[in-house]
Amino acid sequence: MTRNPMPYVLLLCALVYSTSAISAEQLVAQCATCHGKDGVSVIPTMPVIAGYSKAYTISAMTGYKLGERPSPMMGPLAKNLKDDEIATIAEFFAKQTFVPRKQEFDAEKAQLGEKIHSSRCYKCHQNGGRVPEDDAGILGGQWMPYLRNALEQYHTGKWPVPETMKAKIEKLDETDIEALVHYYGSLQ
């Protein structure tokens, strides 16, 4: 009597697939190179991504993947990720705690930045941009060099600007951007 080999073939395929699939730990470990352990960056040009909302991270990563948010580093990395892998990464970082970065800032510029934030940014970035549930990234306590670059990318149109930001970001000048950077950097 010969046995049906199909259950054994299916079991072997399942084992091969499970060992070739990238685990959540492996996905997140790839992020740690630039964004630090658990998403707490120690590199001032790399954002702290711990605590970002799942929706925001999925949106940003999908933008990188599709080339809608150009980045020479993130584009190639995101391009190789499947949607479920992006969701896994986003879920992991949403469960982490954002750690504000200690850094020097100009108090006068921060005061001006607080006024600009209150009049132009507060609606979508509440509590100094420190509320992950806004699904707009975390600004308060973020690295200042990263914030400066991001605001410049939005201001120049190199990154797509959400409709809710267009009119507001167009009105900013270099002084306003620098003031916002110092305000958000002061929220340590």
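A helix, in the sense used here, is a DSSP run of H or I that is at least four residues long, and helices are numbered from the N terminus. With that definition in hand, H117 can be placed in helix α6. The structure that contains this residue is a predicted model.

The chain as a whole may be considered before its parts. It has 10 helices and 0 strands. Read from the N terminus on, the order of the elements is therefore α-α-α-α-α-α-α-α-α-α. Of the 188 residues in the chain, 41% are buried. The accessible surface of the chain amounts to about 11300 Å², and carbon and sulfur atoms contribute 59% of that surface. Among the contacts in the chain with a separation of 6 or more, 70% join residues that are 24 or more positions apart.

The next topic is the packing of helices. Two packed helices are described by the angle between their axes and by the distance between those axes. Three pairs in this model serve as illustrations, and helix α5, residues 83-94, takes part in the pair that opens the series.

How do the axes of α3 and α5 cross? Helix α3, which spans residues 54-66, has an axis that comes within 8 Å of the axis of α5, and the two cross at roughly 140°. This angle makes α3 oblique to α5, because an angle counts as roughly antiparallel when it is over 145 degrees. The crossing of α3 past α5 is right-handed. On the α3 side, the residues that meet α5 are K54, T57, I58, M61, T62 and K65, and their partners in α5 are D83, I86, A87, A90, E91 and A94. Sorted by class, the contact of α3 with α5 comprises 6 nonpolar, 2 polar and 4 charged residues.

Helix α5 also packs with helix α2, residues 24-35; here the angle is about 75° and the axes are 10 Å apart. The angle makes α2 roughly perpendicular to α5, because that description covers angles of 65 to 115 degrees. Helix α2 contributes A24, L27, V28 and C31 to the contact, while α5 contributes E85, T88, I89, F92 and F93. By class, the contact of α2 with α5 has 7 nonpolar residues, 1 polar residue and 1 charged residue.

A further pair is formed by helix α8, residues 144-156, and helix α9, residues 163-170. Their axes come within 9 Å and cross at roughly 95°, and α8 and α9 are therefore roughly perpendicular to each other. The residues that meet are L151, Y154 and H155 from α8 and M165, I169 and E170 from α9. In this contact of α8 with α9, 4 residues are nonpolar, 1 is polar and 1 is charged.

Attention may now turn to individual residues. Is H117 buried or exposed? With a relative accessibility of 1%, H117 counts as buried, because the term applies to values under 20%. Apart from neighbours within four places in sequence, H117 is in contact with Y122, H125, G128, G129, L180, Y183 and Y184.

Helix α10, residues 174-186, contains H182. H182 is likewise buried, at a relative accessible area of 9%. When neighbours within four places in sequence are set aside, the contacts of H182 are F105, D106, K109, A110, M144 and R148. Helix α10 also holds E174, yet E174 is exposed, with a relative accessible area of 72%. The C-alpha atom of E174 lies 9.8 Å from that of L151, and these two residues are 23 residues apart in sequence. L151 has already appeared among the residues of α8 that meet α9.

Helix α4, residues 74-79, includes L77. L77 counts as exposed at 53% relative accessibility, because exposed means over 50%. From C-alpha to C-alpha, L77 and K65 are 7.8 Å apart, with their positions 12 residues apart in sequence taken as the separation. K65 is one of the residues of α3 that meet α5.

Where does Q96 lie? Q96 belongs to the loop between α5 and α6, the latter being residues 107-121. Residues up to four places away in sequence aside, Q96 touches D38, A50 and G51. Q96 and G51 are 45 residues apart along the chain, and their C-alpha atoms are separated by 5.0 Å.

Note on methods: Residues are numbered from 1 along each chain as its sequence is written. This is a predicted model: local features need pLDDT of at least 70, side-chain atom pairs count only at pLDDT 80 or more; totals for chains, interfaces and linings use all residues. Side-chain values use heavy atoms; hydrogens and water are left out. Buried means under 20% relative accessible area, exposed over 50%, partly exposed in between (1.4 Å probe, protein chains only). Contact means heavy atoms within 4.5 Å. Accessible areas come from the Shrake-Rupley method with a 1.4 Å probe; for residues, only the protein chains shown count as cover. Axes are lines fitted to C-alpha atoms, for helices over the stretch in contact, and angles run from 0 to 180 degrees between N-to-C directions. Angles under 35 degrees count as roughly parallel, over 145 as roughly antiparallel, 65 to 115 as roughly perpendicular and the rest as oblique. A crossing is left-handed if the near helix is turned anticlockwise from the far one by less than a right angle, and right-handed if clockwise. Ala, Val, Leu, Ile, Met, Phe, Trp, Tyr, Cys and Pro count as nonpolar, Asp, Glu, Lys and Arg as charged, and the others, Gly among them, as polar.
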